[in-house]
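Visitor: Could you walk me through this structure by way of a few questions?

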Amino acid sequence: MTQPTFNAYGAVDLSALAKRSAAPRPASGAGVPSAAGPAAGGTGGVGATAPAAGSYVVDVTEADLQSVVLEQSLTVPVVIDFWADWCGPCKQLSPVLERLAAAGEGRWLLAKIDADAEQGLAAAFRVQSIPSVFAVVRGQPVPLFQGALPEAQVRQYLDELLRVAATAGVTGRLPAGAATGAEPQDAEAAEPQGDPRLDEAYDAVERGDLDAAVAAYSAVLADTPSDEEARTGLAQVELLRRVQGVDPQAVLDAAAAAPEDVAAQCAAADVELATGQVEQALARLVDTVRRTSGADRNTARSHLLGLFELLGPEDPRVPTARRALASALY
């Protein structure tokens, strides 16, 4: 990967955001959104506290930016995960980041930001698609990556981040202890028990065994075809299999050189989706459907429907692309 730098990302002005987050806020009920709950490690604004001991994953709002992100980044790198409820790839990436944060045992902090709820922060970081991952080291933003990358690649980015942080003298470690809010065992007990084969699929993805993950998801769908989690998970893993080991730039160059090659356009759309360029991927396949006919058109259409499946029906970009597809077909 390209080594991150400590230059500000675009026009991100974290000092201005910090001033807003540190400003006194009206009392609750005065029309100002409150900070995140217990997982955010405080009440935000003046007097906001840092994450509690052992809290390696926290929810962050603009009100928490100063205490949770900027101040902590003087001690450890803070990794920021921009996500949203409707984002299918986010559901694949966020658990990976959370597990890696726990495995890091306090060498870095994961700050999760809901891009829909915190549109000001998303705009400040110039987030164009999600998931988008940044880091902050000594108060300076470091762009990391976009899209739901395989865990092995995520580890490479984090390892590089820790090396860069070390050169800046940020080599601290968050203290061990009980996690913020409910104890882990209480939260786990409160969660409904799902199909254990879904856990098998998650574990398979973690260890890089994508074939085993496909088998586990397929087994669930064979018994419960309407299982949305398994259906989305299968589509995501199949995408990871298709992009595994490819050179993204070479794939995009090949598609640009052969606009009539449907296989090349499908491969390019996969690369774009995997790297967070969702709109570009969908538009590419819609345009391919529009320009082709017969078997080629069916191939492009089927591939596009597969990407719809991956993103999920709640993704607001899917209805728009479906309308464009209908226009292209008729």
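What follows is a short exchange on the fold, the cores, one helix pair and some backbone details.

Visitor: How many helices and how many strands does the protein chain have?
Guide: The model is a predicted one, and its single-chain totals take in 330 residues, of which 46% are buried. Among contacts with a separation of 6 or more, 68% join residues 24 or more positions apart. The count of secondary-structure elements in the protein chain is 14 helices and five strands.

Visitor: How many residues are in the largest nonpolar core?
Guide: Several elements give two or more residues to this core, including helix H2 (65-70), strand S2 (78-83), helix H3 (88-104) and strand S5 (140-146). Val69, Ile80, Phe82, Ile130 and Leu144 are the members with the most contacts inside the core, whose size is 51 residues.

Visitor: How many residues does the other core have?
Guide: This other core lies apart from the largest one, and among its residues are Leu239, Val289, Leu304 and Ala328. Its size is 24 residues.

Visitor: Are helices H11 and H13 roughly parallel or roughly antiparallel?
Guide: Helix H11 (residues 262-274) packs against helix H13 (residues 294-311) with their axes 10 Å apart and at an angle of about 15 degrees. H11 contributes Val262, Cys266, Ala269, Asp270 and Leu273 to the contact, while the residues from H13 include Thr299, His303 and Leu307. Because angles under 35 degrees count as roughly parallel, the angle makes the relation of H11 to H13 roughly parallel.

Visitor: Which peptide bond is cis, with omega near 0 degrees?
Guide: As a general background, most peptide bonds are trans. Pro131 sits in the loop between H4 and S4, and Phe82 has both Ile130 and Pro131 among its contacts beyond four places in sequence. The cis bond is the one from Ile130 to Pro131.

Visitor: Is Arg126 buried, exposed or partly exposed?
Guide: Arg126 lies in the loop between H4 and S4, and its phi is near 55 degrees, a positive value in a residue other than glycine. Buried would require a relative accessible area under 20% and exposed one over 50%. Because the relative accessible area of Arg126 is 46%, the residue is partly exposed.

Visitor: What is the relative accessible area of Arg138?
Guide: Arg138 is in the loop between S4 and S5, and its phi, near 50 degrees, is positive although the residue is not glycine. Arg138 is classed as partly exposed, with a relative accessible area of 42%.

How values were computed:
Residues numbered from 1 in each chain as written. Predicted model: local features only at pLDDT ≥ 70, side-chain atom pairs only at ≥ 80, totals over all residues. Heavy atoms only, no water. Helix = DSSP H or I, 4+ residues; strand = E, 2+ residues; numbered from the N terminus. Buried < 20%, exposed > 50% of the residue type's maximum accessible area, 1.4 Å probe, protein only. Contact = heavy atoms within 4.5 Å. Core = buried A, V, L, I, M, F, W, Y, C linked by side-chain atoms within 4.5 Å. Axes fitted to C-alpha atoms, helices over the stretch in contact; angles between N-to-C directions. Parallel < 35°, antiparallel > 145°, perpendicular 65-115°, else oblique.
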